[in-house]
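Colleague: Could you take a close look at one helix for me, and then show me how the rest of the chain is held together around it? I would love a walk through it at the bench-side level.

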Amino acid sequence: MNHPIFSWSVIGAGPAGIAAVGKLIDHGIDPKTIAWIDPEFKVGDFGTKWRNVSSNTRVKLFLKFYQACQAFQFSSAPMRFAIQDSDPEETCLISLAAHPLQWITQTLKQSVHSFHEKVVHLAFNQHWEISIHNHTKIHAKNVILATGAEPKSLRFPEIKEIPLETALNPEKLSLACNQQDGIAVFGSSHSAIIVIKTLLENCNVKKVINFYLEPLRYAVYFDDWILFDDTGLKGKTAEWARKHIDGTLPKNLERIHSHPENIKTLLPQCSHAIYATGFEKRHISVEGMKTLEYNNKNGMIAPGLFGLGIGFPEARHDRQGNLEYRVGLWKFMEYLNQLMPVWIGNLSS
């Protein structure tokens with residue numbers, strides 16, 4: 001099956017991939033010269049793995065994302081989405097935010113060339129050759145990787161791991177453990193606190209031991225910016241943590257610094273471990289590159305190869321000098337508003 005050389009290819013159809021396709025079209029790239037590649041086109045992990053998770057993003061920023069690209073045609077949607085009737089100042093379940101993104105995905109697919117395939121390898125030979133699983137090659141002058149990230153795992157061999165995807169789904173987590181279990185939860189992030197809350201309130205496990213490296217951090221809202229926007233707890237998760245962790249600790253919860261001696265002493269008391277210690281970019285094979293190093297100020301990986309999204313986040317210092325990696329739908333869109341003119345201008349200069 002032969003295809004023309006596309007001007008742009010976007011690999012991944014999660015929120016970052018959706019934003020990339022929309023902004024390319026808004027910047028005058030002919031949709032028929034864009035190849036969009038994803039195995040499912042179901043809004044990535046955001047729309048599949050994390051649907052039952054409470055977001056730490058306010059509803060108003062999701063609504064702002066939907067309106068950020070003319071190509072999304074969101075104002076022309078033939079239905080009203082539940083998130084549009086939610087309190088704009090509150091957070092919501094990710095499933096609520098994912099529903100409009102699925103509609104936007106279908107709208108964009110009608111304009112571009114979409115390929116329901118998994119990319120297995122990239123190589124550069126005058127242009128980018130994108131190999132998909134059935135040995136077909138898609139050719140593009142420029143490629144945007146919006147391939148997402150996987151949860152990190154500490155992989156202590158002596159204890160059974162409950163994957164984070166399972167742990168963040170209350171129904172699945174209740175099936176993965178029982179009331180006699182002791183569960184080790186590593187981390188002090190938004191995800192870690194959600195998991196601890198579920199274990200204590202939904203699963204009623206015998207004990208939770210939370211191993212952490214840093215104390216809890218809360219987002220602080222000012223008129224026009226947020227301190228600890230990317231690392232602080234927000235919304236209902238923050239409310240619960242203030243009451244039950246920084247307030248009165250539940251009797252079956254123990255929090256301990258994640259020091260090797262503490263782990264050696266206390267981990268044997270647990271039957272399972274859950275690692276909520278962050279994410280690492282999803283691996284994709286690129287000829288000549290052992291790792292996908294990128295410029296965290298402009299998203300560039302190599303000539304004509306760019307990264308966007310949770311696997312390639314922007315690094316930025318806030319007003320107090322704290323360095324944070326910006327992850328979230330509206331942050332991806334803000335970043336892309338800066339990047340797209342640079343990416344397109346760099347190619348034409």
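Modeller: Happy to. Let me start with what comes after helix α1: this helix is followed by Gly28, whose phi is positive, near 95 degrees. Please keep in mind that this is a predicted model.

Helix α1 itself covers residues 15–26, twelve residues in total. From its first C-alpha to its last the helix reaches 16 Å, close to the 16 Å expected at 1.5 Å a residue. Eleven of the twelve residues of α1 are buried, so the helix is largely enclosed by the rest of the structure. Reading along α1, the buried residues are Pro15, Ala16, Gly17, Ile18, Ala19, Ala20, Val21, Gly22, Lys23, Leu24 and Ile25. You will notice a lysine in that list, since Lys23 is among the buried residues.

Now for the rest of the chain, beginning with nonpolar packing. The largest nonpolar core has 80 residues, and Ile144, Leu199 and Ile274 are those with the most contacts inside it. Helix α10 (residues 329–348) supplies the largest share of this core, nine residues. Take Leu199 as an example: leaving aside its neighbours within four places in sequence, Leu199 is in contact with Leu173, Cys177, Ile183, Val185, Asn204, Val205, Val208 and Ile274. Ile274, then, is both a partner of Leu199 and one of the residues with the most contacts inside the core. A second, separate core has 22 residues, including Ile37, Val119, Ile132 and Ala140.

Helix pairing comes next. The axes of α3 and α4 come within 10 Å and cross at roughly 5 degrees. Angles under 35 degrees count as roughly parallel, and that makes α3 roughly parallel to α4. On the α3 side the contact is made by Phe62, Phe65 and Tyr66, while α4 brings Leu96, Ala97, Pro100, Leu101 and Ile104.

Helix α3 also takes part in a charged pairing. The side chains of Glu89 and Lys60 meet in a salt bridge, at 3.3 Å from N to O. This pair links distant parts of the chain, with Lys60 in helix α3 and Glu89 in the loop between α3 (59–66) and α4 (94–109), 29 residues apart. Glu89 counts as partly exposed at 38% relative accessibility, and Lys60 is partly exposed too, with a relative accessible area of 36%.

The count of salt bridges comes to 15, and Glu314 is worth a visit. Its side chain meets that of Arg316 in a salt bridge (3.4 Å, N to O), and the side chains of Glu314 and Arg326 meet in another (3.3 Å, N to O). Glu314 lies in strand β18 (residues 314–317) and Arg326 in strand β19 (residues 323–326), so this pair ties together parts that are twelve residues apart in sequence. Glu314 is buried, with a relative accessible area of 5%, and Arg326 is buried at 9%, whereas Arg316 is partly exposed at 33%. Elsewhere, salt bridges that share partners join Asp45, Lys49, Glu150 and Arg282 into one network.

Technical notes
Residues are numbered from 1 along each chain as its sequence is written. This is a predicted model: local features need pLDDT of at least 70, side-chain atom pairs count only at pLDDT 80 or more; totals for chains, interfaces and linings use all residues. Side-chain values use heavy atoms; hydrogens and water are left out. Helices (H or I, at least four residues) and strands (E, at least two) are DSSP runs, numbered from the N terminus. The expected span of a helix is 1.5 Å times one less than its number of residues. Buried means under 20% relative accessible area, exposed over 50%, partly exposed in between (1.4 Å probe, protein chains only). A salt bridge is a side-chain nitrogen of Lys or Arg within 4 Å of a carboxyl oxygen of Asp or Glu. A nonpolar core is a set of buried Ala, Val, Leu, Ile, Met, Phe, Trp, Tyr and Cys residues joined through side-chain atoms within 4.5 Å. Contact means heavy atoms within 4.5 Å. Axes are lines fitted to C-alpha atoms, for helices over the stretch in contact, and angles run from 0 to 180 degrees between N-to-C directions. Angles under 35 degrees count as roughly parallel, over 145 as roughly antiparallel, 65 to 115 as roughly perpendicular and the rest as oblique.
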